[in-house]
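This report describes one protein chain, working outward from a single helix to the fold and then to the pockets. The sequence and the model are shown first.

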Amino acid sequence: MSTEFTGRRMARIMGLFVLAAGSLVAKAQSASEPKLDLTPSLPSLNEYLHDTTPSASYSSSVVASVEPEMNFSSEMQPPPRRQYGRPRYNDRNHNPDGSNRYTFMVGGGFVSPVGSTSNYQTLGWKIAVGGGVNFNKYFGVLLQYDYDRMNIPSYILRKMISDYSAIGFDATGLDGNTHLWSITLNPIVTFMQNDSSSAYITGGGGFYRKVTNFTLPQVGYYCDYFYGCYPVQSNQTFDHYSNNAGGVNIGLGFTHKLSHYSNQKLFAEARYTWVDNQPNNNIYYTPNNYRTSYIPVTFGLRW
């Protein structure tokens, strides 16, 4: 027992001796190695942001990374943000609000006499062309030419045949029509508008010439290279009456763009037209001298 106890005791003593020797060796190695102190070689945050002259103790790599001082004075501030509004156009074909400066139209439709005019005229047809200037997207002026044609009722034609027969003229097959051609200046005011459609009122006045033509069937000859000459019947004007006068009109219209980015617009409008015709020396057809009132309805294209 004493021998076993003595062996264990000696093993413990040797273990303590080995641990003590290892601790001393580690301390000695730690004391012999130099310590790495980065404090004197790195600038402080305040020096990095505000000092433009690097310290002599900085390493070359640290000095190269130091940026110059950033000056945020008012002289170095960027210009204020630009305020953007509606686009402005500087060319001669557009107004500052983007609308076309020049406008044109072409159209056609029908003409309906109203009031006392319906006693001696019947439903007819019309054509119209025009051009003008837009001052902005809401107001413009259009110079317009119109040709409005109406027919003559059959009871008036029968009376005219009788009147011609009374003076010894055979007017069998008599036909006739009345037309007014006019040149008017018409302001246009757009009162409702969106991306594709608009509504406007228009009205104006100008010069109107009223002409009534009476025709009779005539037989003539037409010649061509293949069939030679052969008789052709057509109505030929043999009598007409005219009257010049001033007139006015007023109406309402609507437009619709052909596409979202298109300048072309379909339009439909109706106007009331009144012409101040006065009596002259017409003998056989006095209605040509009567004041004229009618409603032309026009469909067409604007751009």
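## Helix α4

In this predicted model, one side of helix α4 carries the exposed residues Arg158, Lys159 and Ala166, whereas Ile156, Leu157, Met160 and Tyr164 of α4 are buried. These four residues lie on the same side of α4, because the arc they cover around the axis is only 100 degrees. The elements that cover the buried residues of α4 include β4, β5 and β6.

The length of α4 can be checked against the expected rise along a helix. For the 13 residues of α4, which run from 154 to 166, a rise of 1.5 Å a residue gives an expected span of 18 Å, and the end C-alpha atoms are 19 Å apart, so the two values agree. Just after α4, Gly168 adopts a positive phi of about 85 degrees.

## Chain and fold

The protein chain contains four helices and eight strands, and, read from the N terminus on, its elements follow the order α-α-α-β-β-β-α-β-β-β-β-β. Of the 303 residues in the protein chain, 29% are buried. Among the contacts in the protein chain with a separation of 6 or more, 64% are between residues 24 or more positions apart.

## The largest pocket

The largest pocket has a volume of about 810 Å³, and 29 residues line it, with Ser99, Lys137, Gln193, Lys257 and Lys265 being the closest to its centre. By class, the lining of the largest pocket comprises six nonpolar, 17 polar and six charged residues.

Several strands contribute to the lining of the largest pocket, since at least two of its residues come from each of β3 (139-151), β4 (175-193), β5 (197-224) and β6 (228-257). Three of these strands, β4, β5 and β6, are also among the elements that cover the buried residues of α4.

## The second largest pocket

The second largest pocket holds about 150 Å³ of space. Its lining is made of 11 residues, and those that lie nearest its centre are Ile156, Lys159, Tyr285, Thr286 and Pro287. The lining of the second largest pocket divides into eight nonpolar residues, one polar residue and two charged residues.

Two of the residues nearest the centre of the second largest pocket, Ile156 and Lys159, return the description to α4, where Ile156 is buried and Lys159 is exposed.

Conventions
Residues are numbered from 1 along each chain as its sequence is written. This is a predicted model: local features need pLDDT of at least 70, side-chain atom pairs count only at pLDDT 80 or more; totals for chains, interfaces and linings use all residues. Side-chain values use heavy atoms; hydrogens and water are left out. On a 1 Å grid over the protein atoms alone, a cavity is a set of points where a 1.4 Å probe fits but cannot get out, and a pocket is an open set with protein on both sides within 12 Å along at least five of seven lines; lining residues have an atom within 4 Å of a point. Grid points are joined across faces, edges and corners, and a volume is the space filled by probe spheres set on the points. Ala, Val, Leu, Ile, Met, Phe, Trp, Tyr, Cys and Pro count as nonpolar, Asp, Glu, Lys and Arg as charged, and the others, Gly among them, as polar. The expected span of a helix is 1.5 Å times one less than its number of residues. Buried means under 20% relative accessible area, exposed over 50%, partly exposed in between (1.4 Å probe, protein chains only). The arc is that of the directions from the helix axis to the C-beta atoms. Contact means heavy atoms within 4.5 Å.
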